[in-house]
Structures are given as structure tokens and as C-alpha cells.
Amino acid sequence: MKLPSRLAVLLAAAVVVTACAPQTSSNSSSDKDEKTGTLRVWLFQEVGNKPKEKVVDSVVAAFEKEHEGAKVEVEYIPIETRAQRVKAAFNDPKSAPDVMEFGNTDTAGYVKDGGLLDVTEEFGDWSESKDTDPTAKQSVTVDGKIYGAPFYVGVRALYYRTDVFEELGLEVPKTMDELATTARAIRAAKPELYGLVVGGAYTYGAMPFVWANGGEIAEGKGGSYASAIDSAAAQKGIKAYTSLFSDDNCPAAKCAGMGGNDTVTAFAAGKAGMAIGGDFSHTAVEAGKVKGKYAVVPLPGVKTGSVAPAFAGGNNVGVLKSTSHRTLAVELMEQLTSKKTQGSMFEAMGFLPTFSDVRQQVAAKEPYVKPFAQTLSAGTKFVPASPAWAQIDSSLVLPTMFQEVISGKKDVAAASEEAAKKMDDAFGTIG
């Protein structure tokens, strides 16, 4: 996803600030804190990984130059097989890396498994951490302790066809009600298009409707989460989203099985007037038939002028508890996630920075970032910081709920109550 523009000014201005991590090894499973030797790093293999490698190589070269006797070996692992690799690493410290990248929804599970190092003190002492986006910081926090540093963040907003809106004389929707009305107006005038393309398997496209209506996925913290998906407010949001699966917008027969990638693909191919897509969808849309004929705005909330809360996805970088190079590993984590590195990663891969100030600078230089930055500034949401979330997500609890409503098998109340029961079972079993 190499972006055409360069952020030379930003990258020159964003100086890496590295602080030596204090030797607080009380929570490490290793009694060593070696200052020389080899540090192993696992990062995710991206589609078109070369630009990422170039940025990382630069960080590694600078780190090795600053630390005589220290070497860094980086391995890029497939995202789809990360679960097996990480589990094996936790079970066999000798095969484990010192530092690794992980999805932000994986944090709680990895902490429960005892694999991640508590870096609360080091993160607090790191001068750059004060500018970390609050939701990004939440994604590395479990029970008040910090287990890594945010690497990048991703959110979704509303993509719409400027040519279709101009032709039909439509205004950009300012509320969720207007969004539904506009979607149906597009479908009525152009039946070959979906109005707003939606997906029954698109959890993070659906959740803003729940959150905007005052609902939550779950409530509580730590091991005491309880599902809230069957609350009155959440049910109102579920109804608003599932009502869009209709012949006058996005027919259930076509859209019930769609996931997020399917909806973005449909929009990019010119088959929809609107879609809910991420900043990470920009490259795909630019490569599609709608290039030059679309714009992006924050997804509207319930009230005029409000923004629907979006899920703050993204990845983190953490240190494994088994490391024998604690001080070096924590400093390498900080350099891999620093302001300078995140600015470079945006230029190379399009990853949105987790630092508020760097993100503002990026948005000023790349216009397409602005609506996503606005969405982040308006306030985002995150999944329950519970190891049970991985099971809930992989078991498709929420997509099943949406699809049962869409198909007419269950009403909103019955479907949400069943989903809540499954979630509570997971919370009760796993914590």
C-alpha cells in the first residue's frame, strides 16, 4: 500500500525519544537482563510487506548502532497462523521472541496466558507516551496495567459516491435516520446499486449503530464482564442496522452473508452508493472503478452533527515475559512504536499513527486521513478487555445474532438475548 506522497517534514520533525527502561524485572519470568546478545522480533507479514521491512530495517540499524554488542533478528510471520506460533512461544520460552506485534483485541488473552511483560512503569516514564490516543492506550491495558505500546490504529467512516449524490441532488446524511433515508433514495433511483452496502457478518460495521444508540457490547472490567448486547439501547441499534437489509437498500439474499471486505469490494467496484469502510480501505477503493468519484465523512450518529462511535482496531507491540533482555527489549519496543517510526509507517503502509499529534500532522498532509482523524477525535470504542472476547469473536456470536434477525428466524429481542447468553457463558468460563 505504498502511498504516493512523502512526509519528509513530519518525519524530520518527529524525533525519536528513547528512554532507558528501568530494570524492574520483578514481573519477568527470566532472572536475566542481558545488555548484549541477540533480540528476536516477530512482526506481521503484510500484503506488500517490502515498505514495512524498509522502515523496520532503519529502526533496527539505529538501535544496533546505539547498543554495541546487541543484534536484532526480525521475522515476519503470517497473520493467519499467529495463534499457533504465539501459543508455542508462550509454552516454550526458548523458541519465543523478545518482542512481538499482536492484534489489539488479543491483548487480554495473551495477558491471561502469562505471555506478556507488564511495562506499566516503563510506559509511564517514556516521554512520548503522554501523546498516545486514549483508546489506543486502552488496547494495551488490562486491569490497570500496561502490556505493550500501540503500533497503529484503524477506524471506519462513511464512503459515498460524489457523482451519484450530485446526479440525484442528495445531501450528505447528518444523522443515522438520514443515512437510511438517503440509502433508500439511491436504491429507488438506481436499482442496480445498493444504497448503503451492509454485511450481516460485518461486526465492526454494525457496532457503531449499537454504540450511537447508547448500547454496549458488554459492561464491567477484568474478569467480571457481563454482556449488554440485549439491553434496550443495544436492541435499538441492532434494529437500526438490520433494517437496512431490505430490498429497498441491500437485499438480505445478497447482503446477509457479506463481511467487511465484501462491502468495500462492492463499493470499489461501483455497485453501491455508500459503504462503511476503514482508513485501511483507501488503497482498495482508489484502485477500483470509483476512483475520483467518491468522498469520505465520519459516520453520522443519532443526533445532527454527532459522530457514531467507531471501533478502534489496530496492532500493538509488546515484550514477552520470558525475555532475558528486558531493558533492551523494552527500548526496542519503544523505538518500533515511536512517533518517528509511526510517521514512517504511515508513509510506507498507510497505518494511522496512535499519537494524537502525529495523526494531526499526517491529516494535514494527506486529505483522505481527515475524516478518520475526526472519527478518532470524536471518541471511539473498544471490545471488552477480556480473554473471552477471542472466543466470542471466533464463534461468530454477533454475526449470528444479526443474521438471525435479518433472516426473520428471530426478532431482535430473542436474538440479542441468545447472543448475550453465549457471551456470558464465555465470560464465565474464560474470564
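Start by selecting helix α19, residues 397-407, in this predicted model. Color Val397, Leu398, Pro399, Met401, Phe402, Glu404, Val405 and Ile406, and you have the buried residues of the helix. That is eight of its 11 residues, so the helix is mostly covered under a cut-off of 20% relative accessible area.

What covers them? Show α9 (203-212), α10 (232-242), α11 (252-255), α18 (388-394) and α20 (412-430): the buried residues of α19 pack against these helices. Before moving on, step just past the end of α19 to Gly408, where phi is positive, near 85°.

**Next stop: Ile392**

Select Ile392, which sits in helix α18. Is this residue buried or exposed? Its relative accessibility is 2%, so Ile392 counts as buried. Leaving aside residues up to four places away in sequence, Ile392 is in contact with Val397, Met423, Ala426 and Phe427. Val397 is familiar from the opening stop, as one of the buried residues of α19. If you would like a distance to draw, try Ile392 to Gly257: their C-alpha atoms are 18 Å apart, with the two positions 135 residues apart along the chain.

**Next stop: α9 and α10**

Go back to two of the neighbors of α19 and show α9 and α10 together. Their axes lie 7 Å apart, and the helices pack at an angle of about 130°. This makes α9 oblique to α10. The crossing is right-handed. To see the contact itself, display Gly205, Ala206, Phe209 and Val210 on the α9 side, and Ala233, Ala234, Gly237, Ile238, Ala240 and Tyr241 on the α10 side. Sorted by class, this contact has eight nonpolar residues, two polar ones and no charged ones.

**Last stop: the sheet**

Now bring up the four strands of an open, mixed sheet, and read across in the order β8-β11-β7-β12. At the edges you will find β8 (194-197) and β12 (294-297), each paired on one side only. From one strand to the next, the twist averages 20°.

Zoom in on β7 (residues 156-161), which pairs with β12 in the antiparallel sense over four bridges. Which residue of β12 is the bridge partner of Arg161? Select Tyr294 to see it.

Finally, add the helices that lie on the sheet. Helix α12 (residues 260-268) lies across β7, β8, β11 (272-278) and β12, and runs at about 135° to β11. Helix α17 (residues 370-378) also packs on the sheet, where it touches β7, β11 and β12, and its direction makes about 145° with that of β7.

Notes. Residues are numbered from 1 along each chain as its sequence is written. This is a predicted model: local features need pLDDT of at least 70, side-chain atom pairs count only at pLDDT 80 or more; totals for chains, interfaces and linings use all residues. Side-chain values use heavy atoms; hydrogens and water are left out. Buried means under 20% relative accessible area, exposed over 50%, partly exposed in between (1.4 Å probe, protein chains only). Contact means heavy atoms within 4.5 Å. Axes are lines fitted to C-alpha atoms, for helices over the stretch in contact, and angles run from 0 to 180 degrees between N-to-C directions. Angles under 35 degrees count as roughly parallel, over 145 as roughly antiparallel, 65 to 115 as roughly perpendicular and the rest as oblique. A crossing is left-handed if the near helix is turned anticlockwise from the far one by less than a right angle, and right-handed if clockwise. Ala, Val, Leu, Ile, Met, Phe, Trp, Tyr, Cys and Pro count as nonpolar, Asp, Glu, Lys and Arg as charged, and the others, Gly among them, as polar. Two strands pair if DSSP finds at least two bridges between them.
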